[in-house]
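I opened this notebook to record what I looked up, entry by entry, with the charged pairs taken up before the other topics.

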Amino acid sequence: MAPKKSLKRSLGMWAIVGLGLGYMTPTVVFDTFGIVSTETGGLVPMAYLVATVVMFFTALSYGKMVAVFPAAGSAYTYTRETMHPGLGFVVGWAALLDYLLLPVVNALLIRIYMEALFPDVPGWIWVVLYVALITGINLRSMTSTSKVTSTLVVFEIALIVAFVALAAIQLSNGMGQGTIFSTAPLFNDGIKAAAILTGATVVCFSFIGFDAITMYSEEAKDPKTMPRAILLTLGIGGGIFFLAAWFGQSVFPTVDQFLVTDDTLPEMALYVGGQVFQLLFLAGAFAATIASGLSSHASVSRLLFVMGRNGVLRPAKLFAYVHPTFRTPVFTVALVGVVSLLAITPSLELVASMINFGALIAFTFVNLSVIAYFVVRKKRYRTPKDVFHYLVLPLIGAGMTGVLWAFLHPEALTFGLIWTGAGVVYLAVLTKGFRLKVADFVLEEETADVGVTADIEVSADIDDRDRPTSGVPVLAGAAPTQAHDKE
């Protein structure tokens, strides 16, 4: 019999990668192409290349931490366990901003697509129907979610390949740069580092997903596959973004021909492949949005579940409730569905501008968690190899993320700081003016199925010295268990 608070271990490595790619929404490169091209002066591929390099160092840190703490919760869990429970809560609260808003963005996109196709139908109807569908699938099981998401991801990637092929044909016919092998998409006479970094900050939004799959750690059939899944998701997703951006920029050196630069996907498809391909590509974008909706909805519900299980979201027993049959966190799944209904009224630009704040908070603290755990706690700094892996690499990751911080849009920074401040106030109330310890709020009946870290061999860099000892449990207040879900 599975533990009361455990989730069902049903996801293989490629199912997790599929969820991550679905979350990343590969077709978003075409939606934001006009915005990023204007921002960078026609160097969209360079912005994606810079963002991919930044994310690579952070992905290495995610892989190290998920190997030691194979539990849902991502940056929240890592900061909580390696630094301080209170700081972990603040990081988790900040990360909630992008995790909660991404399902809203997907619902908004669906509303926009459907309003364009059926202008006489009120937009709220499409939002309600979409949210009901996504919530229902997530309530049922993660297996259903991953299968639907993987199917939709395959469909959208096939259409991106078709776009690249059609773009290559148009280039050979003299369109745009007139050649595939031009260096113009990466360099030009007016290149400005500040513009590229601003563009990289914008496209950072596209990469939210490779990190979110750490939320599925407690549902992975084999937790040791998680570091590999993280790097695969980033590598495949970054490769798709770069390739699509390269051909898009080659065919469209400027945005002068676009009537609408805020969402260039429909026009790019039309100019490259005609009306039939435009309809197919819009269908792919629709599928991508649903796939991202399924994955993002599942991820944030897991973060809310873990924060409830740790007692910092009230009523804790409701947030930590797992359905006895479905083995899914039904309350948090339903709650995310309710929040997604906000897509009925706001604009896409308003919501999207707020997302990167929480993501950059999470990325920064995951890198710092590696240093706090391996260098400070485990004293892994006595050899050049340890210094390189546990100090130099995460410092590079944190530093690069810090550079992106400097180019964050002012509106996103302002709203993010307000949101984080609200979290600090909530924490102060919860702890009665910080007099109570956050770790004391863990549910007494906590028996999460987080696996046995001592039995997991992920890489040569993670050994028994790096496993949480009895004094540092995988989840504060929870004793590690060897009972894996065999279902």
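**Salt bridges**

I began with Asp386 and Arg380, whose side chains meet in a salt bridge with an N to O distance of 3.0 Å. Both ends of this pair are out of the solvent by the accessibility criterion, since Asp386 is buried and Arg380 is buried as well. I note here that the model is a predicted one, and that side-chain atom pairs were counted only at pLDDT 80 or more.

I then asked how many salt bridges a search of the whole structure finds. The search returns four, and I looked up two others besides the pair above. Arg80 forms one with Glu81, where the closest N and O atoms are 3.7 Å apart, and I found Arg80 and Glu81 to be buried. Lys224 and Asp222 also meet through their side chains, at 4.0 Å from N to O. I checked whether the residues of this pair are buried or exposed, and the answer falls in between: Lys224 has a relative accessibility of 38% and so counts as partly exposed, while Asp222, at 30%, is likewise classed as partly exposed. As a reminder to myself, side chains of opposite charge can pair when their charged atoms come close.

**Packing of α4 and α10**

For this entry I kept in mind that two packed helices are described by the angle between their axes and the distance between the axes. I looked up helix α4, which covers residues 44-68, against helix α10, which covers residues 226-251, and I found them packed at an angle of about 175° with their axes 9 Å apart. That angle makes α4 roughly antiparallel to α10, because angles over 145 degrees are put in that class. I next asked how the residues of the contact of α4 with α10 divide by type. They divide into 20 nonpolar and four polar residues, with no charged residue in the contact.

**The cavity**

Rolling a probe the size of a water molecule over the atoms shows where empty space is left. With a threshold of 30 Å³ or more, I obtained a count of one cavity, and the largest cavity has a volume of about 30 Å³. I wanted to know which residues line the largest cavity, and the list reads Pro103, Tyr130, Val131, Ile134, Gly293, His297 and Ser340. Two helices, α7 (123-140) and α11 (265-309), each supply at least two residues of that lining, and α7 gives the most, with three residues. By type, the lining of the largest cavity divides into four nonpolar and three polar residues, with no charged residue among them.

**Backbone geometry**

Most residues other than glycine have a negative phi, and most peptide bonds are trans. With that in mind I noted the peptide bond from Arg314 to Pro315, which is cis with omega near -5°; Pro315 has its place in the loop between α11 and α12 (316-319).

I also recorded Thr25, a residue other than glycine whose phi is positive, near 55°. Thr25 is found in the loop between α1 (13-24) and α2 (28-31), and at 10% relative accessibility Thr25 counts as buried. Lys432 is another entry of this kind, with a positive phi of about 55° although it is not a glycine, and its place is in the segment after α17 (410-430).

**Pairs in sequence and in space**

My last look-ups set separation along the chain beside distance between C-alpha atoms. Ala283, in helix α11, is 124 residues from Leu159 in sequence, yet the two are 9.3 Å apart in space, C-alpha to C-alpha. At 35% relative accessibility, Ala283 counts as partly exposed.

Phe319 lies in helix α12 and is buried, with a relative accessible area of 9%. Between Phe319 and Thr332 I noted 13 residues of separation in sequence and 6.0 Å in space, C-alpha to C-alpha.

Where is Gly178 found? I placed Gly178 in the loop between α8 (142-172) and α9 (193-203), and I noted that it counts as partly exposed, at 34% relative accessibility. Gly178 and Ala168 are ten residues apart in sequence, and their C-alpha atoms are 9.2 Å apart in space.

Methods: Residues are numbered from 1 along each chain as its sequence is written. This is a predicted model: local features need pLDDT of at least 70, side-chain atom pairs count only at pLDDT 80 or more; totals for chains, interfaces and linings use all residues. Side-chain values use heavy atoms; hydrogens and water are left out. Axes are lines fitted to C-alpha atoms, for helices over the stretch in contact, and angles run from 0 to 180 degrees between N-to-C directions. Helices (H or I, at least four residues) and strands (E, at least two) are DSSP runs, numbered from the N terminus. Angles under 35 degrees count as roughly parallel, over 145 as roughly antiparallel, 65 to 115 as roughly perpendicular and the rest as oblique. Ala, Val, Leu, Ile, Met, Phe, Trp, Tyr, Cys and Pro count as nonpolar, Asp, Glu, Lys and Arg as charged, and the others, Gly among them, as polar. Buried means under 20% relative accessible area, exposed over 50%, partly exposed in between (1.4 Å probe, protein chains only). On a 1 Å grid over the protein atoms alone, a cavity is a set of points where a 1.4 Å probe fits but cannot get out, and a pocket is an open set with protein on both sides within 12 Å along at least five of seven lines; lining residues have an atom within 4 Å of a point. Grid points are joined across faces, edges and corners, and a volume is the space filled by probe spheres set on the points.
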